[in-house]
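Let's take a walk through this fold together, helix by helix. Keep the 3D view open as you read.

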Amino acid sequence: MTDRETVDAIVVYRLENAHKTLNEIPIHIEHELWNTAINRLYYACYYAVTALLIHSDIEAQTHAGVRRMLAVHFTKTEKLSVKLNKFYTDLFESRQTIDCFYRCYK
């Protein structure tokens, strides 16, 4: 397998994870598991964004780094709208808040 084929396989895998994760969300909403639904929505977006970055040969080591690279390479260059970037950032912050709440008050 060539390096490009490996990259493409990783991109496909990440996008498949994004779709699978999106499919979980209606179940969580049906059962009023709002925090879990937000978590899964964030991760579905995260998998898709990391697929985009990998496809574009852009590296990021952390979740915050993924957000930063998305902004620098796609929002600032107007390939992605500010509105979509804000949506992703809001999901990230909501997931962080939920995770912190559970760690702090468990």
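What follows goes from helix packing to the core, and then to one loop residue.

Bear in mind from the start that this is a predicted model. To talk about packing, we need a bit of vocabulary: two packed helices are described by the angle between their axes and the distance between the axes.

Start with helix H1, which covers residues 3-30, and look at how it sits against H2. Their axes come within 8 Å and cross at roughly 165°. Angles over 145 degrees count as roughly antiparallel, and H1 and H2 are therefore roughly antiparallel to each other. The crossing itself is left-handed. If you sort the residues of the H1 and H2 contact by type, you get 17 nonpolar, six polar and five charged.

Now turn to H2 and H3. Here the axes are 10 Å apart, and the helices pack at an angle of about 55°. That value falls outside the ranges for roughly parallel, roughly antiparallel and roughly perpendicular, so H2 and H3 are oblique to each other. This crossing is left-handed too. From H2, the contact uses Tyr42, Tyr43, Tyr46, Val49, Thr50, Leu52 and Leu53, while H3 brings His63, Val66, Met69, Leu70 and Phe74. By type, the residues of the contact of H2 with H3 come out as ten nonpolar, two polar and no charged.

Some of those names come back when you look at the largest nonpolar core. This core has 15 residues, and the members that touch the most others are Tyr42, Tyr46, Val49, Leu53, Val66 and Tyr88. At least two core residues come from each of helix H2 (34-55), helix H3 (63-75) and helix H4 (82-105). H2 gives the largest share, with seven residues. As a general backdrop, nonpolar side chains tend to be buried together in soluble globular proteins.

Which residues does valine 66 touch, not counting those up to four places away in sequence? Click on valine 66 and you'll find Tyr46, Val49, Thr50, Leu53, Ala60 and Tyr88 around it.

Finally, step off the helices to serine 56, in the loop between H2 and H3. Is serine 56 buried, exposed or partly exposed? Its relative accessible area is 29%. Buried means under 20% and exposed means over 50%, so serine 56 is partly exposed. In sequence, serine 56 and valine 7 are 49 residues apart, yet in space their C-alpha atoms are 9.7 Å apart.

Technical notes:
Residues numbered from 1 in each chain as written. Predicted model: local features only at pLDDT ≥ 70, side-chain atom pairs only at ≥ 80, totals over all residues. Heavy atoms only, no water. Core = buried A, V, L, I, M, F, W, Y, C linked by side-chain atoms within 4.5 Å. Buried < 20%, exposed > 50% of the residue type's maximum accessible area, 1.4 Å probe, protein only. Helix = DSSP H or I, 4+ residues; strand = E, 2+ residues; numbered from the N terminus. Contact = heavy atoms within 4.5 Å. Axes fitted to C-alpha atoms, helices over the stretch in contact; angles between N-to-C directions. Parallel < 35°, antiparallel > 145°, perpendicular 65-115°, else oblique. Left-handed = near helix turned anticlockwise from the far one by under 90°. Nonpolar A, V, L, I, M, F, W, Y, C, P; charged D, E, K, R; others polar.
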